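Me: Please take a close look at one part of this model, the surroundings of a single side chain. Then follow the connections outward from there.

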Amino acid sequence: MNPAKPGETARTPWIVGVSGASGTPYAAAVLRALLDAGESVDLVVSRASRLTLLDETGISFRDAHWRDDLREWLARGADGKPGTFETDLTDVRYWPAGDLAAGPSSGSYATKGMLVVPASTACVAGVALGLSKDLLQRAASVTLKENRRLVVAVRETPLNGQTLRHLVTLDDAGAVVVPASPAFYAGATHIQDLVDFVAGRVLDAAGVEHRLYRRWKGELGGGARPA
């Protein structure tokens, strides 16, 4: 990547890693919100997540056609309806999961941090143990060692003792663990509302402003919608 020219601001992206757990609508909501907030995004899609994406949306995510496939994916609502959203992909850079020489594999590659959404238990274990078996795990390990913000949106249930210990290891290392657990106090009436709540909590943990859900204001009944 070329260095910034005089007077220009260097591009400092958020890395978004998508692992193979169910929950690709969560990743789509996070990506849309980051781009809507004017953030730069470096995207890593694991091999396992491509199978999940195909199963949940019917979309085949291909390295050679990633921009077209990403545009189609982000245009879908959580209910699967195409053409629901329109997103500018100008400031998205895609790195193949097998490219261990990619920018995010090095601590000298400047980023704001990394969001792993959804995070499978296999991904959690790989990062906690420092396996770095693909670029997603390597980028997460680099994020931790450079003391940058790592947010892990784990989406599995139930969680066994081994996974819980791995999550504690990540917490001890400085990561923020955000279970993909929707709440209902914000007045959700549609599946997209529940997805956006989780995506919003991920962005809260990253310190990125958004308007994905209505925040609690200490008033009981605030989430009730008039009939």
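Reply: A polar atom of the Ser-19 side chain lies 2.7 Å from the backbone oxygen of Pro-118, a pair that counts as a polar contact (N or O atoms within 3.5 Å, one able to donate a hydrogen and the other to accept it; neighbours in sequence count only through side-chain atoms on both sides). The model is predicted, so local features are taken at pLDDT of at least 70 and side-chain atom pairs at pLDDT 80 or more, while totals for chains, interfaces and linings use all residues. Numbering starts from 1 along each chain as its sequence is written, and side-chain values use heavy atoms, without hydrogens or water.

Ser-19 sits in the loop between S1 and H1 (DSSP runs numbered from the N terminus: helices, H or I, of at least four residues; strands, E, of at least two). Its relative accessible area is 3%, so Ser-19 is buried (under 20%; exposed is over 50%, partly exposed in between; 1.4 Å probe, protein chains only). Leaving out residues up to four places away in sequence, Ser-19 touches Ser-46, Ser-49, Pro-118, Ala-119, Ser-120, Cys-123 and Leu-136, where touching means heavy atoms within 4.5 Å.

Two of these neighbours, Cys-123 and Leu-136, also take part in the contact between helices H4 and H5. The axes of H4 (residues 121-128) and H5 (residues 135-145) come within 9 Å and cross at roughly 50° (lines fitted to C-alpha atoms over the stretch in contact; angles from 0 to 180 degrees between N-to-C directions). On the H4 side the contact is made by Ala-122, Cys-123, Gly-126 and Val-127. H5 contributes Leu-136, Gln-137, Ala-140, Ser-141 and Leu-144.

S1 and H1, the elements that flank the loop of Ser-19, are also partners of helix H3. Trp-66, Asp-69, Leu-70, Trp-73, Leu-74 and Ala-75 are buried in H3, which covers residues 66-75. The buried residues of H3 pack against strand S1 (14-18), helix H1 (24-36), strand S2 (41-45), helix H2 (47-57) and strand S3 (92-94).

Leu-53 is a residue of H2. With 2% relative accessibility, Leu-53 counts as buried. Beyond residues up to four places away in sequence, Leu-53 touches Trp-73, as well as Thr-24, Gly-58, Ile-59 and Phe-61. Between the C-alpha atoms of Leu-53 and Asn-160 there are 25 Å, with 107 residues separating the two along the chain.

After H3, the loop leading to S3 holds Gly-80. Gly-80 has a relative accessible area of 33% and is therefore partly exposed. From Gly-80 to Gly-130 the C-alpha distance is 35 Å, for a sequence separation of 50 residues.
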